Amino acid sequence: MSDRALQDDVIRALADAPYRKSAAWRTRGLADPDRVERFARFLARHFYHERVVHFFKYSRALARVTGRMPDAGAAIRYLGDLLQYEAAMMVVEAGPRIWREDPESGGEGAGSEEWSAPETVEGTVLLELAYDLPVVLPELLRPWSEVPQAPARSTKLLVARSPRGRVAVARSTDAIAALLGLADGRKTLAELAHGAGLEVRELEQTLHGLVELGAVRFSTGS
Amino acid sequence: MAALMIGAFYNPHLGAELVRADGIDHLAMADPPAAGDPHWPAIRARYTLLLHDYLGQLSEPLDDRSIERARTLAELYRTPWVAEHFQCLHTVDGTYNLNYVFPPLYSEDFLERFVRNANALRARLDQPLVMENIPGFFDVRASQLPEPVWLRRFFDATQTGFLLDLPHVWLEAHYRGLKPERWLAEFPLDRVVELHVAGVEEDKDLAGPWIAPAEPSDEMLGFLAHAVTRCPQAKAVTFDAFSSSLTAEALFRSVERIRETL
């Protein structure tokens, strides 16, 4: 086994608890098991703490109200939507990513592969909310005395992760929701356009945007 | 030794205070400025900025996109040097990663990889490259060389600078049961361009001290004073704390105490 493969084995042991407990890892005797276990737990706690702080920053901005008023929920009617939104951001971000471009690949993004057989990327989330959160989110992070309010109107948000791990949020529509449900890597553009109720040209524009967000990719070799 | 610059990390939540601050010579940049950061233009205009972002791990060659990103940030910051870490934190295929600094095996194979890839990166940058030591909480039995020897050979082969993180050395000495000064003496201190100093705190998972965005203790500042006298090429000392939990008081008091120490 190469040194690089050994390093990968150590990284996997730290990141993957079932592997860390396996005979395959333990019999190798590469490092003190107690130290490895402790460091792995430290890494996991660090990972979640960092993400909770980042993705739940809006809830944190509301904490001075929610922490002091027993009936705060009534003052913040969109709190359920907000928690759903923050949780979705955290889960979407946690997926695998490309750390380094394969020099033999054509890169990422729209236009890098043939426009055939689009497929919704695993982990893409479509949120259906009762409140228009994008209106209130920036307000929450600015100084305020009265709790900022979100308009009560049905809102669809798309949360996606680019191959390099950038999480993006965009407003969605019924057509986009239908498209994401249909894009399975096998249907043609014409079939998707028909299913989503879009003109082909309109579909291509929409797909372009979805690829840039990381919500859709194109299968190769089909 | 020329006068040392004393600085800190740019913590965007303290942007307003940093714009008005006295006694800080430079700011290290761990992340690019946010698009809506209202303090960034003044920070950029006022401070010497040090590029200290994640550029990539040098166990593999950096791809063109990563190098272009490094060049763009270096130009934006007008940085006097570009920093990266001795780290290998994701698998070759990207399936597993640690989201935290983690050292490579100190082996001949990894030395050759880091030398080759650091030289390739250095050739594409307009500024000198400096590399920061990373602490290990446990030894991996496949390592072949003591870390300080591995680092010495790396610096000799690349002519890069050494960003000496003192708490990292202190922690390794602690977990090896050595005096920090004795462990420090093993490192190639003649290559040091910049030093990092910060506090350490007890961590319940590790059941011992670890890196924390905390003020340096008197002991750590004493260690800094000792180290600086052995780093003849050092140009800067940076308070190494980057966290949304860091207060302005802790940052300014730490920089002031570092300045008093030196």
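## Chain A at a glance

Helices and strands here are DSSP runs, with at least four residues for a helix and at least two for a strand, numbered from the N terminus. Counted that way, chain A has 11 helices and 5 strands. Please keep in mind as you read that this is a predicted model. For chain A the mean pLDDT is 86, with 88% of the residues at 70 or more. One stretch to treat with care is residues 106-113 of chain A, where the pLDDT is below 50; beyond near neighbours in sequence, this stretch has 12 contacts in the model.

Of the 222 residues in chain A, 24% are classed as buried. If we look at contacts in chain A between residues at least 6 apart in sequence, 61% of them link residues at least 24 apart.

## The sheet of chain A

Chain A holds an open sheet of 3 strands in the order β2-β3-β4, paired in the antiparallel sense. Its edges are β2 (125-129) and β4 (167-171), each of which pairs on one side only. From one strand to the next, the twist averages 25°.

Within this sheet, 5 bridges connect β3 (residues 155-161) of chain A to β4(A) in an antiparallel pairing. If you would like a residue pair to look for, A:Leu157 has A:Arg171 as its bridge partner in β4(A).

## Where the chains meet

Turning to the interface, 33 residues of chain B contact 33 residues of chain A. On the chain B side, the residues that touch chain A comprise 15 nonpolar, 10 polar and 8 charged.

B:Ala142 is a good place to zoom in. This alanine lies in the loop between β5 (129-132) and α5 (147-158) of chain B. Leaving aside residues up to four places away in sequence, B:Ala142 touches A:Asp3, A:Leu6 and A:Leu30 across the interface, and B:Leu105 and B:Ser107 in its own chain. B:Ser107 is 35 residues from B:Ala142 in sequence, yet their C-alpha atoms are 7.6 Å apart. Is B:Ala142 buried or partly exposed? It has 19 C-beta neighbours inside 10 Å, and therefore counts as partly exposed; 20 or more would have made it buried.

## Strand β10 of chain B and its partners

Strand β10 (residues 236-239) of chain B has B:Ala236 and B:Thr238 pointing one way and B:Val237 and B:Phe239 pointing the other, and all are buried. This fits a general pattern: in a regular strand, side chains alternate between the two faces of the sheet.

Two parallel partners can be traced. β1 (residues 5-9) of chain B is joined to β10(B) by 4 bridges, and B:Gly7 has B:Thr238 as its bridge partner there. β7 (residues 192-197) of chain B also pairs with β10(B) in the parallel sense over 4 bridges, with B:Leu195 bridging to B:Val237.

## A hairpin and a buried helix

β8 (residues 199-203) and β9 (residues 208-212) of chain B are antiparallel and share 5 bridges; B:Asp203 has B:Gly208 as its bridge partner in β9(B). The hairpin has 4 residues between its strands, and B:Ala207 takes a positive phi near 55° in it.

Both hairpin strands are among the elements that pack against the buried residues of α6(B), along with β6 (161-165), α7 (180-184), β7 and α8 (218-228) of chain B. In α6 (residues 166-176) the buried residues include B:Leu166, B:Val169, B:Trp170 and B:Leu171. Just after α6(B) comes B:Gly177, with a positive phi of about 70°.

## Helices α4 and α5 of chain B

α4 (residues 108-124) of chain B packs on α5(B) at an angle of about 35°, with the axes 10 Å apart, in a right-handed crossing. From α4(B), residues including B:Leu111, B:Phe114 and B:Val115 meet residues of α5(B), among them B:Trp150 and B:Phe154. The residues of this contact split into 7 nonpolar, 2 polar and 2 charged.

## Two loop residues with positive phi

B:Arg78 sits in the loop between α3 (64-77) and β4 (82-85) of chain B, with a positive phi near 55°. Having 12 C-beta neighbours inside 10 Å, B:Arg78 counts as exposed.

B:Asn99 lies in the loop between β4 and α4 of chain B. Although not a glycine, B:Asn99 has a positive phi of about 55°. With 15 C-beta neighbours inside 10 Å, B:Asn99 counts as partly exposed.

Note on methods
Residues numbered from 1 in each chain as written. Chains lettered and ligands numbered in written order. Predicted model: local features only at pLDDT ≥ 70, side-chain atom pairs only at ≥ 80, totals over all residues. Contact = placed C-beta atoms within 7 Å. Nonpolar A, V, L, I, M, F, W, Y, C, P; charged D, E, K, R; others polar. Pairing = 2+ DSSP bridges. Axes fitted to C-alpha atoms, helices over the stretch in contact; angles between N-to-C directions. pLDDT = per-residue confidence, 0-100. Left-handed = near helix turned anticlockwise from the far one by under 90°.
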